[in-house]
Amino acid sequence: MHPSSLNPTRITIAVLVLAFPMAALADLSQTTTLPATTAVNLDTGATASSGGDILWNGSTIAPQGKARAANVGNFGASSFDTLEKALFAPFSVIASSAPIAASVLVVGDIFVVFTNGANTSKVLVTAKSGGSITLRFVTFITPVPTGPTITNILNNSSRIPAGLPNSGIAPSSLFVILGTGLADPGAAVLQSSEGQGLQTTLNGASITVTVNGTTTHPALYYTSPTQLGAVLPAGTPVGTGTITVAHNGTTSNAFTIQVVVSAPGISTYNGSGIATDAVTGALLNYTSSGVPGQIIILWGTGLGADPADSDTTYTTTPHAINVSLVIYIGGVQANIVYAGASIYPGVDVIGLTIPDSVPNGCWVSLAALSGSVLSNVVTLPINKGGGACIDFQTGLNGNQITPSGGQTLRTGLVSLVQTNSATRAVTNSANAAFEKYTGIYAQNNSVSPGGCIVNDLTPATIGGITGLDVGTITLTGPNGLSVTLASQLGIKGAFFANLAAGGIPSSGGTFTFKGSGGADVGSFTSTITLANPLLTWTNQSAAATVNRNQGLTVTWTGGNPGTYVFITGTSTVPGSSSATSVGITAGYTCLARVDDGQFTVPSYILSALPAGSGGTGLQNDVYLPLSASGLDIGLALGDVSFTTASAYK
């Protein structure tokens, strides 16, 4: 299979799947102590007895004016430094003018405020005593551009942030420049590489890259004031250099670019990797899964320099790229039949056969390893019988994940949660969430059994969320357990209850959720049985120090037979205390069968994490269906988890 035989229109999908994130700088960083009845303007740092964005009344924090707030959780100062603006975007859906309760405003708590000045401010509680509270906050303010400004450079397909072990831009790759004032106003229009081909100046914008004394000028696929899409020329040397954008005679700041031999990126669409049938060109999706033995084409960029083909012009005879490449699907190595250029500049394709022994699921992991550099890890829907995929953990199928009836999904979840932390006592709680999602809901960080992914920290596209009226929810269980779940932070459809010590005994038991029914959701009864004994992590000490060049094996006993175990990990390198310096964080998620008793996280997955500090977790999830009128999907969940601190070397 050679890419020149493919329909040229199909590659347009891969090129057009481009996010347009807003670039911003953290312009204001400040620590302020507020006595009771004191307000603070988070855009300026000024305090007063009224006005501002938030008011401390001695016990709660209340948003002022048009400001809205949402509590994020008690994650501490080390996490605060790593949180970038984009990570707070999902909280805009639930942010409100309601005060933040005193019970959550403890040292280490983080909340987000969307200010009266239309900016985003992250806030950390650093002290609280005698009626006063001390807050450290960083307000992300988009500067008024006086010329082109570069704020980030990313591989077009992988979007892996600079500083991570698998970041960087390879020659002959599609990459994006983010910033402000980069080009003339107007919507981005994809340029054709046929005829005269891509141009190095478009809508007043041009790019200059200088590495090791060599200067190149990437050709542009499209422009907008906040994002440029271009092809890094094949002749760009490997090494650390600078990149600038000129717009109508004004040159931007010089931004660092790391040019590497190979840094593969796989394009994604609606949460899955973009893969097409090699013969028909049909796109794999949740209702049309890949099958073992099928030859598929992956779309992406970043395999490496392609001097045999043009950086600017369409070709009918693309060439393979000399790259050491391995593909794993669900942890099984696949046979690669072609890896190289497509008919379009900067766009790579990989032809491969889905292995016969690959696991089935809606989120079967796929990872490309070029030498020691890991791509972004994507997922594919795979089903031995074809058609709609099946998620064996939840029992949902592809038709439920992407309902044909429209873009509205009414969901209900009740959950029983036990958390075993190395630094805190065992905690038990119950939760419920009944919500209606409107618009596209892209799955984020899901994985099928037997596989691992490197977590995508880009906020999921969730459209709008509306709480559903379900009435009251009660929980009964062993040892006389009987509670009514309370409204969570006043959010419609969200409920929570802390359970006493021993509320979820180590011997498990049967727990019953009951909903009285409301205006949107009918009454229900859902029972969860946790096996005796509950899951126990038997080699927790093995995760204290994680060698990223070796696999990490975790072992366990107990848990519900036939269910699954998540293995997770994160590593962080903190940023400095300056407002414009952020930390680097990466994590992974694997899914194993509880009956296996052990799982090894592959070294190629761990290689994508930075050398730093973080944690490792083990979690047994028990899913059962929940049936109620007014719901498209209903689930009951029992969750037993363990966490421990880890140093990643």
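# Strands and rings in a predicted model

Me: I'm new to this one, so which strands are joined by the hairpin that runs through 3 residues into S16?
Reply: A hairpin of 3 residues connects S15 to S16; please keep in mind that this is a predicted model. Strand S15 covers residues 219-223, and 4 bridges hold S15 and S16 together in an antiparallel arrangement.

Me: Which residue of S16 does Tyr 222 stand opposite?
Reply: Tyr 222 stands opposite Gly 229 in S16.

Me: And what other strand pairs with S16?
Reply: Strand S11, residues 174-180, also pairs with S16, and that pairing is antiparallel over 5 bridges. Within S16, Leu 228 has Ile 177 standing opposite.

Me: Is S16 buried or exposed, then?
Reply: Strand S16 spans residues 227-231, and 5 of its 5 residues are buried, so the rest of the structure largely encloses this strand. Its two faces are both covered, with Gln 227, Gly 229 and Val 231 buried on one side, and Leu 228 and Ala 230 buried on the other.

Me: Switching topic: what is the strand order in the open sheet of 4 strands?
Reply: The order in that sheet is S3-S2-S4-S5, and the pairing is antiparallel. Strand S3 (47-48) and strand S5 (61-63) are at the edges with a single partner strand each, so each of them has one side left without a neighbour in the sheet.

Me: How many bridges are there between S2 and S4?
Reply: Strand S2 (residues 38-40) and strand S4 (residues 54-56) pair over 3 bridges in the antiparallel sense, and in one of these strands, S4, Leu 55 is the bridge partner of Ala 39.

Me: What about S36, which strands does it pair with?
Reply: Strand S36, residues 473-477, runs antiparallel to strand S40, residues 509-515, and 4 bridges join them; one bridge partner pair here is Ile 473 with Gly 515 of S40. S36 also pairs with strand S37, residues 481-484, again in the antiparallel sense and over 4 bridges, where Thr 476 has Ser 482 as its bridge partner.

Me: Which residue in the turn between S36 and S37 has a positive phi?
Reply: That residue is Asn 479, with a phi of about 60 degrees, and it belongs to the turn of the hairpin that S36 and S37 form with 3 residues between them.

Me: Now the rings: how many aromatic pairs are there?
Reply: The structure holds 4 aromatic pairs. One of them is made by Tyr 314 and Tyr 344, whose ring centres are 5.5 Å apart with planes at 85 degrees, so this pair is edge-to-face. Tyr 314 is in the loop between strand S24 (295-301) and strand S25 (325-329), while Tyr 344 is in the loop between strand S27 (335-341) and strand S28 (348-353), so the pair ties together parts 30 residues apart in sequence.

Me: Is Tyr 344 buried or exposed?
Reply: Tyr 344 is buried, at a relative accessible area of 15%, whereas Tyr 314 is partly exposed at 23%.

Me: Why is the pair of Tyr 328 and Tyr 604 called stacked?
Reply: Their planes are at 5 degrees and the ring centres are 4.4 Å apart, so the pair counts as stacked. This pair links distant parts of the chain, since Tyr 328 is in strand S25 and Tyr 604 is in helix H4 (residues 603-606), 276 residues apart. Tyr 328 is buried with a relative accessible area of 19%, and Tyr 604 is buried with 13%.

Me: Last one: what sits over the ring of Phe 80?
Reply: The charged end of Lys 122 sits over that ring, 4.6 Å from the centre.

Key:
Residues numbered from 1 in each chain as written. Predicted model: local features only at pLDDT ≥ 70, side-chain atom pairs only at ≥ 80, totals over all residues. Heavy atoms only, no water. Pairing = 2+ DSSP bridges. Buried < 20%, exposed > 50% of the residue type's maximum accessible area, 1.4 Å probe, protein only. Phe/Tyr/Trp six-rings, centres within 6.5 Å; stacked < 30°, edge-to-face > 60°. Lys NZ or Arg CZ within 6 Å of the ring centre and 35° of its normal.
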